[in-house]
Each structure stands twice: as structure tokens, then as C-alpha cells.
Amino acid sequence: MIYEVFARKTRGEPLRHIGNVSAPDDELARVYAFSTYDEEKWFDMFVTPRDRLVEVFNRREPIAPQEDA
Amino acid sequence: MSQATTSTALETAAVHGLILCLADSKRLLGMRYAEWILGAPELETGIACASMAQDEWGHGRLLYALLKDVTDVDRLEHGREPHEYRNIEALDHEPTDWFELVAINALVDLALTVQLEALADSAYVPLRQRVAKLLDEERFHAAHGAAWLKRLATAGEESRARMLDSVKETLAQTTRWFGPDLDDAQALVEAGVASAAGSALRARYLDRVRPLVEPLGIDVAAFANPDFAGFDPATRRTAGSTPDAATIARIRGDRNRMFLMD
């Protein structure tokens, strides 16, 4: 499963997408995100399974709700 | 003890001995992690091994440096024979598979951490000043070991059986490493150098191990009274045993001896 990794440098700063890791579960995803991205000094860091990201819209396609095919 | 340093020569020697046990163990543990940077089951876990290797070598360095006033650190790092090493025996040979490495990660690394935690408020100031940073880095090692142990323990019968074998073998060595209840070790506790030793420290360790090995059906009580036949408390090893020659050649950096600088 692919997890997207988000982090920020200071409290109050918006979360930034910094990359992704592949892991079988949340626990290992946390560990892998930490070991892969701990080169910089982050204030906090989060992971979420990629398939839990719900798309609101994108600019490649019409913004209006699409008809189901 | 209220002074900043240990009060007797005997205690000082015992502290230095303990530091060497920890430093050698961390040096070898770092190498064991490094051996899996390539060839680990996932790219991400290889990266984690690289990170843990780096941490352990840093910890080893820092601990060796604590001995610079009493011994030649350069010789400690590059000039010793196998019988002079004091690493925990579980690190004597290269792990043959990933199950063994996971057992080392979850159980050996944790044993060293529990020992370090007992020194976190040490009356021996040079040690106390350094232990907090080490323990902070160890949290991630523990999370990695615990997550992998759980994964392999619950990934089907064959995986579970192999994980069980590695855990039992490693646990026998780590629990023994805390040693029997001896006056020397107890003197360090009474002097405030360590908060626990021997069976008391082993009990702390087993409390931490219990949830990790529960999925394997292991009762940690079975490891509370190790067999100390042949155990040398000064080295925390079986008298006469040594890490293997290939391990020591790599740890010492024999291939690169010509590049050693003063």
C-alpha cells in the first residue's frame, strides 16, 4: 500500500506533501516515513494511505461534477 | 553517592566495563543493520536499516569516547583481537535471514536500550549527559522492530514458526546478558550509577518484551532465570566465546588499515 507523507517545519505552517512510502500497514508506514524523511528537522509529520485521499477537483478535467459513464 | 564522579576505583572500573559492553554491542549492532541495507524485503526497510546503522555507530563512537581518559580509543576501535570484544553474544555472527535480523532489532536493540535507561539518571555524569540523546533515537528502532516482529508473527504458519525460533534463541541470549545478581553490579546500583542491575533489570526488560512476543504465544516468565553456567560477568559473555573472525575483521576495518590517520 502506498502512503503519502505530509510534514511541516513549524507549528501553524500549512502541511506540505513531502513524498510517499510503500508499507503494509500504518505502523510500518510511520516508521518508514520517519526513517526516509528525517534528514530535515520537522515539527510534525503525518501519513495517510493514498487511496484515502478524496479528490475534490483537478484542473485537468472539467470542474463540474462529471456524469457517470 | 552525592559526588559527580563514582566514589571508588572499583566502581569506576565497573562503569568503564559496562560502557565497553554497550559500545561494542552498538558497534556490532550497527554492522548487522548495515548488512541489510541492500537485500532487505522492502526498499523502505532497507532505508530504515541504513538509518539505524548510522545511529548505532554514532552511539558506539560516543560511548567509546567516554573511555578516552582511561584507554587508547583508537586501539579499542581498530586494534583488538576477537577475545577482547564485549558485545552481546547474539551479535557474534551475521544473521542468516531476515527473521534473525528482526529478532535482533526487536530484542537486542531493546536490551541495550533498557540497560541505557537504567543509566539515564546516573550519578556518573558523563554517561548521564549522553544517554538522553541515545534513547531518543532508539524510539524509532523499537517501533521498527516491534512492527516487523508483529508482521512476521502474524503472516502465516511458516513465517510464525521461523519468527518463533529466532525470538526464542535471541531471547535466551538477551535475558542472560543482564547477568546474575552479583555484589559488583549491586554496588553500582547503590552508588547511584545505575537504577537497576541483574534480575531487577531483566524483569524490566521482560516487561517490555511481553507484548512483543505475545502473538507468538511465548511466556516471558520462562526466560526470567537464565542458565549462567560459564557466564563471565565482566564481559557479560560466556567465558572463552568470541565474535567470529570475519565480523571482527570488518568491525576493525582491517581492509582499510593503511588509511588510518593519527
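This short presentation covers the fold of chain B and one helix contact between chains A and B. Please keep in mind that the structure shown is a predicted model.

I shall begin with chain B. Nine helices and two strands make up its secondary structure. Followed along the sequence, the order is α-α-α-α-α-α-α-α-β-β-α, with the two strands placed just before the last helix.

Next, the overall dimensions. Along the principal axes, the C-alpha atoms of chain B occupy a box of roughly 55 × 45 × 35 Å. The radius of gyration of chain B is 18 Å, which agrees with a compact globule, because a globule of 262 residues would be expected near 18 Å. Of the 262 residues in chain B, 42% are buried. If we take the contacts in chain B between residues at least 6 apart in sequence, 72% of them join residues at least 24 apart.

I turn now to the contact between the chains. How do helix 1 of chain A and helix 2 of chain B cross, and at what angle? Helix 1 of chain A spans residues 26–37, and helix 2 of chain B spans residues 43–65. Their axes come within 9 Å and cross at roughly 60 degrees. The two helices are therefore oblique to each other, and their crossing is left-handed.

Which residues make this contact? From helix 1 of chain A they are Val31(A), Tyr32(A), Ser35(A) and Thr36(A). Helix 2 of chain B contributes Glu44(B), Ile47(B), Ala48(B) and Ser51(B). Classified by type, the contact comprises four nonpolar, three polar and one charged residues.

Note on methods: Residues numbered from 1 in each chain as written. Chains lettered and ligands numbered in written order. Predicted model: local features only at pLDDT ≥ 70, side-chain atom pairs only at ≥ 80, totals over all residues. Helix = DSSP H or I, 4+ residues; strand = E, 2+ residues; numbered from the N terminus. Rg over C-alpha atoms; globule rule 2.2 N^0.38 Å. Buried ≥ 20, exposed ≤ 12 C-beta atoms within 10 Å, placed from the backbone. Contact = placed C-beta atoms within 7 Å. Axes fitted to C-alpha atoms, helices over the stretch in contact; angles between N-to-C directions. Parallel < 35°, antiparallel > 145°, perpendicular 65-115°, else oblique. Left-handed = near helix turned anticlockwise from the far one by under 90°. Nonpolar A, V, L, I, M, F, W, Y, C, P; charged D, E, K, R; others polar.
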